[in-house]
Amino acid sequence: CLQTGGWLYKGLKAMLTPHDEYYARALFEAMDGAGTDDATLLRILPSRRHRLIEINNRFMNMYDKDLKHRVKKEVSGRYAEILLNNILRVC
């Protein structure tokens, strides 16, 4: 029986998880707890703009929270404006 762990496990899990679920979970984890993982927000939100409606729907189904409101709560200033403009144009 083959055991996997670390980066290999994460990579395999990412490949087998539906894309919208993967990105919804990654965004939630980036904003969960103390602090915000800005690198994840900047990696996902602009590059997945064409899928944000589906990602937002999955985010709402999984966490009963709206992605726009969650981002608005986590970030501020010009940075928030840029991220939210990305989301608001689509969702």
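Is lysine 13 buried, partly exposed or exposed, and what is its relative accessibility? In this predicted model, lysine 13 has a relative accessibility of 41% and therefore counts as partly exposed, since that class lies between the 20% and 50% limits. Lysine 13 belongs to helix H1. From there to alanine 34 the C-alpha to C-alpha distance is 25 Å, for a separation of 21 residues in sequence.

A view of the whole chain helps to place this residue. The protein chain contains six helices and zero strands, and its pattern along the sequence reads α-α-α-α-α-α. Taken along the principal axes, the box filled by the C-alpha atoms is roughly 50 × 25 × 25 Å. Of the 91 residues in the protein chain, 32% are buried.

The interior comes next. The largest nonpolar core holds 21 residues, and those with the most contacts inside it are Leu27, Leu41, Leu45, Phe59, Leu67 and Val71. Two or more residues of this core come from each of H2, H3, H4, helix H5 (67–74) and helix H6 (77–88). Helix H2 gives the most to this core, with seven residues.

Aromatic rings also meet in this structure. Across the whole structure, a search finds four aromatic pairs. One of them joins phenylalanine 28 and phenylalanine 59, with 6.3 Å from centre to centre and 55° between the planes, and this pair is tilted. Phenylalanine 28 is in helix H2 (residues 19–31) and phenylalanine 59 is in helix H4 (residues 52–63), so the pair ties together parts that lie 31 residues apart in sequence. Both partners can be placed by their accessibility. Phenylalanine 28 has a relative accessible area of 15% and is buried, because the limit for that class is under 20%. Phenylalanine 59, at 0% relative accessibility, also counts as buried. Phenylalanine 59 appears again among the core residues with the most contacts. Ring pairs further link Phe28, Phe59 and Tyr63 into a cluster.

Leucine 52 offers another view of helix H4, where this residue is found. Its relative accessibility is 0%, so leucine 52 counts as buried. Between leucine 52 and glycine 11 there are 22 Å in space, C-alpha to C-alpha, and 41 residues in sequence.

Just past the aromatic cluster, the loop between H4 and H5 deserves a look. Aspartate 64 lies in this loop. Although aspartate 64 is not a glycine, it has a positive phi of about 55°. The relative accessible area of aspartate 64 is 72%, which means that this residue is exposed, the class for values over 50%.

Open space is the next topic. Rolling a probe the size of a water molecule over the atoms shows where empty space is left. In this model, the largest pocket contains about 330 Å³ of space. Its lining is made up of 13 residues, and those nearest the centre of the pocket are Lys10, Ala14, Tyr22, Arg25 and Glu29. Helix H1 (6–16), H2 and helix H3 (38–44) are the elements that give two or more residues to this lining. The most comes from H1, with six residues. By residue type, the lining of the largest pocket has five nonpolar, three polar and five charged members.

Two of the residues nearest the pocket centre can be followed a little further. Lysine 10 has its charged end over the ring of tryptophan 7, at 5.2 Å from the centre of that ring. Glutamate 29 lies in helix H2, and its relative accessible area of 53% makes this residue exposed, because values over 50% fall in that class. Between glutamate 29 and valine 75 the C-alpha atoms are separated by 15 Å, with these positions 46 residues apart along the chain counted as their separation.

Taken together, helix H2 recurs through this description. Helix H2 gives seven residues to the largest nonpolar core, holds phenylalanine 28 of the tilted pair, and is among the elements lining the largest pocket.

How values were computed:
Residues numbered from 1 in each chain as written. Predicted model: local features only at pLDDT ≥ 70, side-chain atom pairs only at ≥ 80, totals over all residues. Heavy atoms only, no water. Phe/Tyr/Trp six-rings, centres within 6.5 Å; stacked < 30°, edge-to-face > 60°. Helix = DSSP H or I, 4+ residues; strand = E, 2+ residues; numbered from the N terminus. Buried < 20%, exposed > 50% of the residue type's maximum accessible area, 1.4 Å probe, protein only. Lys NZ or Arg CZ within 6 Å of the ring centre and 35° of its normal. 1 Å grid on protein atoms, 1.4 Å probe; cavity = no way out; pocket = protein on both sides within 12 Å on 5 of 7 lines; lining within 4 Å. Points joined across faces, edges and corners; volume = space filled by probe spheres on them. Nonpolar A, V, L, I, M, F, W, Y, C, P; charged D, E, K, R; others polar. Core = buried A, V, L, I, M, F, W, Y, C linked by side-chain atoms within 4.5 Å.
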